[in-house]
Amino acid sequence: MDRTLESLQYLIAQVLPHRDPALVFKDLNVVAMLQEFWENKQKQRAVFPSEGTVVYESLNSPGPPFVSYVTLPGGSCFGNFQCCLSRAEARRDAAKVALINSLFNELPCRKITKEFIMESVQEAVSSTSELMIVFQLLHWNGSLKALRETKCSRQEVISYYSQYSLDERMRSHMALDWIMKEQESPGIISQELQVALRELEEARKAGQELRFYKEKKEILSLALSQIYSDQVTSSSNDDQMGLTLSGYH
């Protein structure tokens, strides 16, 4: 742990030379530090030039404890793991977790070498790259199994999905899949949503990467909202039809 901290402090001195490494994590403006880190990274290496912003999201809550998520350029997502009594505190805590993970990924031991590749084959399964998250969701969604049954090759599937980003369009398609599952097995969406919420909460409190769990929650919530919207529309149409028919009596 001491060596890791020393390595992190060394990296801070390299990427943020005007900061005091010994006091960096006590700095109250850790939100600005995280943004500064990624801006410097992009200037030096032109990393994710089209996704240069660090995006924060706070869960609606009438009172504490508050929860905040931060999504980094490239798609990785982290959240606060401490019990926070204000939204600002939750935002700072999420930024601190994201900054530590960002700095850790710059450690010399994380550089891509032949040895690193050999040791990281298993770790690649839980990679936070956008395409890997897509395939994790497709596997969870059952879509990969369906594609396998159509005898699509692995390369064809990879080539197809590498053209698309994880956006509202893809989430909507996956939500439709779950709506179809709901028709076959009523209640399955609510069950899966409870599992996703529990996984998201456990991962957040452990300071882990959250993107996969957060996307599951978003897709299932979208599916439920669509079902509710259809039910309300259907009920409204029935009421309107009843009023219309009563006018003929």
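Me: What share of the contacts in the protein chain with a separation of 6 or more comes from residues 24 or more positions apart?
Reply: Keep in mind that this is a predicted model. Contact here means heavy atoms within 4.5 Å. Among the protein chain's contacts with a separation of 6 or more, the share from residues 24 or more positions apart is 54%.

Me: And how much of the chain is buried?
Reply: The protein chain has 249 residues. Buried means under 20% relative accessible area. Going by that cut-off, the buried share of those residues is 34%.

Me: What about the surface: how much of the exposed area do carbon and sulfur atoms supply?
Reply: The protein chain exposes about 15,600 Å². Of that area, the part supplied by carbon and sulfur atoms is 55%.

Me: In what order do the elements run from the N terminus on?
Reply: There are 10 helices and 3 strands to place in the protein chain. Written out from the N terminus, the order is α-α-β-β-β-α-α-α-α-α-α-α-α.

Me: Which strands sit at the edges of the sheet?
Reply: The 3 strands make an open, antiparallel sheet in the order β1-β2-β3. An edge strand pairs on one side only. That picks out β1 and β3 (77-79).

Me: Which residue of β3 stands opposite T71?
Reply: β2 covers 68-71, and β2 pairs with β3 in the antiparallel sense over 3 bridges. Opposite T71, in β3, stands C77.

Me: Which helix packs on the sheet, touching β1, β2 and β3?
Reply: The helix in question spans residues 87-104. Its direction makes about 35° with that of β2. The name you want is α3.

Me: Where is P65, the residue joined to P64 by a cis peptide bond?
Reply: Most peptide bonds are trans. The bond between P64 and P65 is cis, with omega about 0°. As for its place, P65 is in the loop between β1 (55-58) and β2 (68-71).

Me: Is α8 roughly parallel or oblique to α9?
Reply: Helix α8 (residues 168-184) and helix α9 (residues 188-205) pack with their axes 8 Å apart, at an angle of about 125°. Roughly perpendicular stops at 115 degrees and roughly antiparallel needs over 145. So α8 relative to α9 is oblique.

Me: How many charged residues does the contact of α8 with α9 have?
Reply: On the α8 side you get W178, I179, K181 and E182, which meet I188, I189 and E192 in α9. By class, 4 residues of this contact are nonpolar and none is polar. The charged count is 3.

Notes. Residues are numbered from 1 along each chain as its sequence is written. This is a predicted model: local features need pLDDT of at least 70, side-chain atom pairs count only at pLDDT 80 or more; totals for chains, interfaces and linings use all residues. Side-chain values use heavy atoms; hydrogens and water are left out. Helices (H or I, at least four residues) and strands (E, at least two) are DSSP runs, numbered from the N terminus. Axes are lines fitted to C-alpha atoms, for helices over the stretch in contact, and angles run from 0 to 180 degrees between N-to-C directions. Angles under 35 degrees count as roughly parallel, over 145 as roughly antiparallel, 65 to 115 as roughly perpendicular and the rest as oblique. Ala, Val, Leu, Ile, Met, Phe, Trp, Tyr, Cys and Pro count as nonpolar, Asp, Glu, Lys and Arg as charged, and the others, Gly among them, as polar. Buried means under 20% relative accessible area, exposed over 50%, partly exposed in between (1.4 Å probe, protein chains only). Accessible areas come from the Shrake-Rupley method with a 1.4 Å probe; for residues, only the protein chains shown count as cover. Two strands pair if DSSP finds at least two bridges between them.
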